[in-house]
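I opened this model to go through its helices, rings and cysteines. My notes are below, in the order I looked things up.

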Amino acid sequence: MTQWLSDYERLAERESSELGADELQQRATAAYMLGRYQESVDSWDRAHSVLLNEGDAAGASRCLFWLLLAIGEDDVSVAPRMGGQLARIQRLVEEFSLGELEQAYLDCYGCIGKFMSGEYDESVAAAWARIAGIGRAHADDDIWAFGAQGHGRTLIRMGRVREGTAVLDELFVAIGSGAVSPMMAGWVYCSCLEACQEGFDLQRAIEWTRSANRWADEQGGLETYTGVCLLHRSRIRRMLGSWDDALQDADRACVQLSEGRIHYFLGAAHYHRGEILRLRGDHRGAEDGYRTASQYGHDPQPGLALLRLAQGKHLAAGAALRRALDETADPCRRAELLPARAEVALVEADAGAAAAACAELEELAESFGSRLLRAEALLLRGRIALAAADPRTALEPLRTAARLWHDLESPLAGARTRVHLAAACAALGDVEGAEMELTSARAVFEAIGAQDDLAGLRSDGHARSPLSEREIEVVRKVATGLSNRAVATQLHISEKTVASHLSHIFTKLDVPNRAAVTAYYYEELAGNR
């Protein structure tokens, strides 16, 4: 039996009226650590009343802080109870002369309210910093940690990513050393993991996840990852290529979040589940995930657009991504959408749109200081060069992107980059180099179960194609965005002959237009050049 379960069962056997304030707080903490949030809320509530009756307003105020923290985990209770608890805090402030430290505990929830409502400005950042400073001055690691995470996250949301990251890095060391209480540690781990993902800082997100895993193992019997925290961990596992574990976490997150009333996170969990299934080639399951996400208010883009692209529906994909980008100026959201927008533009042979998306992504990568976004932008820069029939220019950004993906421990993105490297090598006559890149990519796709990517790596792709070698040459030129006249010039044939080839290609592939031919090239032939 673990220590948390032992403490909980020992105290749960007795009536609340028989327990003193210290024992009630012990039971509340044990219940929280075991994921029994409603019982934790009830025990903190009882401890608050006991301390208030004893005249300990300072202790009672701290109980309300922890009570609200537990309510935040117990989604079912948020709507009907949070407002009432905040009113109790206000009454404490008005009726008692609280010390600076206790006041800081209660001020946290005013800052949380502003943060959740999207207020990210100097005054909010200063308020969080003040709370952290009071905690440090009073050697209270819990309130310092709470203030520090709020300060760091607010700075990141303000666009001051490097400053915010520095704050969270100091917090990372303190949490890992065991300086804060278990209840606070679990909460901070989840919050800071979300902050790293918002800042597109994959490396730090991985380190926070690994530290949280070690900490959870040390606790024993701890239900650290519940609801939103499970969602965060699942995202990291997906990036690392651990798709079975990622899907298991996503399924658990969907179940747990469905029991509450905060549907935004439930929608996010279903969206993420759809992402995993899409990557595994389960198009039907992915679509179900995206549709369920939409029902709960979560925009299913860019995942749904990438699914449509995989299904050969690039027009629908492009329209959806243009709509999503038109309606948001938020840099975090745009950074999520831009890689997909560029990918669709490449399939549509819209070089201008692809270049514009890539340029904006490069600016965001610099602004965020994000190696992940830089790798995305470099991959796109290489692909744009390939589409312009300039494989030599494509090599450097693709090589750099591949190294970054390796450093970021992102196998799928790295393998996909190798596919494009293979295309560049083949175009330059380096057949052996191209085969080596494809072999490496294929091994990764097989290991993680990327079925759609594997399907695009058929070693005998040209042999299975219904097109002739000359028709494949025409398709290759069309896929770079060349007009019929330009294709005719490069292949030393007449424009009329090009038109005739295209007519036969449309018939053989059963596709309606040049854009669909371009999609066929990238899906079926590009990796087999």
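**Entry 1: F115 and E100**

I started with F115, which counts as buried because its relative accessibility is 9%; buried means under 20% relative accessible area, exposed over 50%, and partly exposed in between, with a 1.4 Å probe and protein chains only. This is a predicted model, where local features need pLDDT of at least 70 and side-chain atom pairs count only at pLDDT 80 or more, while totals for chains, interfaces and linings use all residues. Residues are numbered from 1 along each chain as its sequence is written, and side-chain values use heavy atoms, with hydrogens and water left out.

F115 is found in helix 6. Helices (H or I, at least four residues) and strands (E, at least two) are DSSP runs, numbered from the N terminus. Leaving aside neighbours within four places in sequence, I found F115 in contact with Y120, R153, T154 and R157; contact means heavy atoms within 4.5 Å. R153 is 38 residues from F115 along the chain, and their C-alpha atoms are separated by 9.0 Å.

E100 is also found in helix 6. Is E100 buried or partly exposed? It counts as partly exposed, at 45% relative accessibility. Not counting residues up to four places away in sequence, E100 touches I134 and H138. The C-alpha atoms of E100 and I134 are separated by 7.4 Å, with their positions 34 residues apart along the chain.

**Entry 2: the chain as a whole**

I then stepped back to the whole chain. I get 29 helices and zero strands. The C-alpha trace spans about 95 × 45 × 40 Å along its principal axes. Of the 529 residues, 53% are buried. For contacts between residues at least 6 apart in sequence, 60% join residues at least 24 apart.

**Entry 3: aromatic rings**

Next came the rings. My rule: rings of Phe, Tyr and Trp (its six-membered ring) pair if their centres lie within 6.5 Å; planes under 30 degrees apart count as stacked, over 60 as edge-to-face and the rest as tilted. By this rule the count is 15 aromatic pairs.

F65 and F146 are an edge-to-face pair, because their planes stand at 80 degrees, with the ring centres 5.1 Å apart. That pair links distant parts of the chain: F65 is in helix 4 (residues 57-73) and F146 in helix 8 (residues 141-157), 81 residues apart. Both F65 and F146 are buried.

What does F146 do with Y109? The two form a tilted aromatic pair, 6.4 Å centre to centre with 40 degrees between the planes. This pair too links distant parts of the chain, with Y109 in helix 6 (residues 100-116) and F146 in helix 8, 37 residues apart. Y109 counts as buried at 11% relative accessibility, and F146 is buried with a relative accessible area of 0%.

I followed the ring pairs further, and they link W44, F65, W66, Y105, Y109, W128, F146 and W187 into a cluster.

**Entry 4: helix 7 against helix 8**

F146 led me to look at how helix 8 packs. The axes of helix 7 (residues 122-137) and helix 8 come within 7 Å and cross at roughly 155 degrees. Axes are lines fitted to C-alpha atoms, for helices over the stretch in contact, and angles run from 0 to 180 degrees between N-to-C directions. Helix 7 and helix 8 are therefore roughly antiparallel to each other; under 35 degrees counts as roughly parallel, over 145 as roughly antiparallel, 65 to 115 as roughly perpendicular and the rest as oblique. From helix 7 the contact includes W128, and from helix 8 it includes F146 and T154.

**Entry 5: cysteines**

Last, I checked the cysteines. A disulfide is a covalent bond between the sulfur atoms of two cysteines. How many disulfides does a search of the whole structure find? It finds zero, where a disulfide is a pair of cysteine sulfur atoms within 2.5 Å.

Why is there no bond for C63? The closest cysteine sulfur, in C108, is 15 Å from the sulfur of C63, too far for a bond. C63 counts as buried at 1% relative accessibility. C196 is in no disulfide either, and the nearest cysteine sulfur, that of C192, is 6.8 Å away. C196 counts as buried at 4% relative accessibility.
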